[in-house]
2 protein chains.
Amino acid sequence: MRPRNGAANQKGRSFIEAARRDQIVQAAIETLSELGYAKSSFARIAEHAGISAGLISYHFDNKSELFQQVVADINALMDGWLTEHIGEAASYREALQRLIEGFVLFCDSHRAHVLALGQVLAGVGGQENGELVRSQREQSVGQIEQMLREGQEHGEFRDFSPRLMAVTLLGSIEAIPAELFARPGTDVAAYAKELSMTYDLAVRRSRLSRITRG
Amino acid sequence: MRPRNGAANQKGRSFIEAARRDQIVQAAIETLSELGYAKSSFARIAEHAGISAGLISYHFDNKSELFQQVVADINALMDGWLTEHIGEAASYREALQRLIEGFVLFCDSHRAHVLALGQVLAGVGGQENGELVRSQREQSVGQIEQMLREGQEHGEFRDFSPRLMAVTLLGSIEAIPAELFARPGTDVAAYAKELSMTYDLAVRRSRLSRITRG
DNA sequence: ACCTGAACACCGTTCAAGT
DNA sequence: ACCTGAACACCGTTCAAGT
């Protein structure tokens, strides 16, 4: 009974279906940020959007697909924001610093989105249907890993496993939203500076090594 | 209808209730590690323990209390393991390294427990009844923060916010289990070394500073 | 094609009833 | 005190029925 139509736009979806999906995703984000994952049932989300619960099942294969779309939408928003914030960095060290600081600032300026994202990542994380969520995380790891590897090849970073450092950094980054919500008064700019300094010290070539290498 | 008896042992619980609670918690851990959070219903856990689902509600106020007990039990196991592994460290730098390496090794040698812990932290994390879970995390942050602060006071660590560094480190640590499960072939000893090296570089006083300080 | 509302199997929790 | 099994309100999903 899922819509499989021919007259469609970008992803084989009709105009009205694309609009409904958007509406439902937005309602889900609002419900998640207001009520938390546990209470974000189809009934509540539908109520929030002014539609029937059955309509959500009509437009999404299941609950998991809906929340994956939530994650995808927020990730896309974040990607655009970070790309803009990194801009043209003069070095890999600087790019890494801007990435870290940019993420802290994004968390600060998009609290509702980040809160909703945290809710769904936590709520859906352990389940088998959270496969797409895991693959999106894997993609983030891969991007950071690539950046670290290039920095090593350009001689800016010391010798470490790019994969493990990426996982380590992503862990630190993912801890930011919870901290900002736990302590709303946190000095965000200071947090950004501290975190980027911490990882600059962790990844950069040491002074002695740089002397040795020339 | 919850048991409120007088003739009891350590925590106001009768012998049989303590035994039942233990049995149920163990069954929950096994169910969590085998089926994941979403499928760990009372019905499944009770089936695993050979009792009725109603009995779980009889011994625990609600689902949240059961999973909080799961977290508490595993945390206690981990605390004992880490305390033993740290032992008598000669310095704060060494203590921090042993803590990090010890945690990686614990994750490797207690996969079922760590997997269950991850499931319940993810599943219960965003909810309002996950308050006790959050407070246990806050306690972990506090312990690491305290250790970092002392290391600073002894002149071993550079000047940073102990709170933010603790949150950053805990984030990296909490990313370990997922990585070990995502890549079962990971060289655990190498992971431990890389991570402890990374944070040693991040927190230690720089060479120039040490020369300055004497 | 799009949408509703009833029906279904499940969930956590309560509670009368047994021992 | 300890335990069961039926009952309750809820959940996600399905589906006949409307337009």
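Q: How many nonpolar, polar and charged residues are in the surface near DNA strand C?
A: In this predicted model, that surface consists of 6 nonpolar, 7 polar and 2 charged residues.

Q: Which residues are the closest to DNA strand C?
A: The closest are S14(A), I16(A), R20(A), S52(A) and F42(B), out of 15 residues that surround DNA strand C.

Q: And what part of the strand faces them, in terms of sugar and phosphate?
A: Among the atoms of DNA strand C that come within 4 Å of the protein, sugar and phosphate account for 80%.

Q: Which helices supply at least two residues each to the surface near DNA strand C?
A: They are α1 (15–35) and α3 (53–59) of chain A, together with α2 (42–49) of chain B.

Q: Which element gives the most there?
A: That is α3(A), which contributes 4 residues to the surface near DNA strand C.

Q: How far is the side chain of R20(A) from a phosphate oxygen of that strand?
A: An N or O atom in the side chain of R20(A) is 2.7 Å from a phosphate oxygen of DNA strand C.

Q: What about H59(A)?
A: For H59(A), a side-chain N or O atom is 3.1 Å from a phosphate oxygen of DNA strand C.

Q: Chain B now: where does S41(B) come in?
A: S41(B) has a polar side-chain atom that lies 3.0 Å from a phosphate oxygen of DNA strand C.

Q: Let us turn to DNA strand D. Which residues are the closest to it?
A: DNA strand D is surrounded by 15 residues, and the closest are F42(A), S14(B), I16(B), R20(B) and S52(B).

Q: How many of those around strand D are nonpolar, polar or charged?
A: The surface near DNA strand D has 6 nonpolar, 7 polar and 2 charged residues.

Q: What share of the strand D atoms within 4 Å of the protein is sugar or phosphate?
A: Sugar or phosphate makes up 79% of those atoms, and the rest belong to bases.

Q: Which atoms of F42(A) and S14(B) lie by the phosphate oxygens of strand D?
A: F42(A) places a backbone N or O atom 2.8 Å from a phosphate oxygen of DNA strand D. For S14(B), a polar side-chain atom lies 2.6 Å from a phosphate oxygen of DNA strand D.

Q: And H59(B), how far is that one?
A: A side-chain N or O atom of H59(B) is 3.1 Å from a phosphate oxygen of DNA strand D.

Q: Which elements give two or more residues to this surface?
A: Chain A provides α2 (42–49), while chain B provides α1 (15–35) and α3 (53–59). The largest share of the surface near DNA strand D comes from α3(B), with 4 residues.

Q: A new topic: where in chain B is R163(B)?
A: R163(B) is part of helix α8, which covers residues 162–174 of chain B.

Q: Is R163(B) buried or exposed?
A: R163(B) counts as buried, because its relative accessibility is 8% and the limit for buried is under 20%.

Q: Which side chains make polar contacts with that of R163(B)?
A: One is the side chain of E179(A), at 2.7 Å. Another is the side chain of E138(B), at 2.5 Å.

Q: What else does R163(B) touch?
A: Leaving out residues up to four places away in sequence, R163(B) touches E179(A), R183(A), E138(B), V141(B) and E145(B).

Q: Lastly, how many disulfides are there over all chains?
A: The count is 0 disulfides over all chains.

Q: Are C107(A) and C107(B) buried or exposed?
A: C107(A) is buried, with a relative accessible area of 2%. C107(B) is also buried, at 2% relative accessibility.

Terms used. Residues numbered from 1 in each chain as written. Chains lettered and ligands numbered in written order. Predicted model: local features only at pLDDT ≥ 70, side-chain atom pairs only at ≥ 80, totals over all residues. Heavy atoms only, no water. Buried < 20%, exposed > 50% of the residue type's maximum accessible area, 1.4 Å probe, protein only. Polar contact = N/O pair within 3.5 Å; in protein donor to acceptor, adjacent residues only side chain to side chain. Contact = heavy atoms within 4.5 Å. Near = heavy atom within 4 Å. Nonpolar A, V, L, I, M, F, W, Y, C, P; charged D, E, K, R; others polar. Disulfide = S-S within 2.5 Å.
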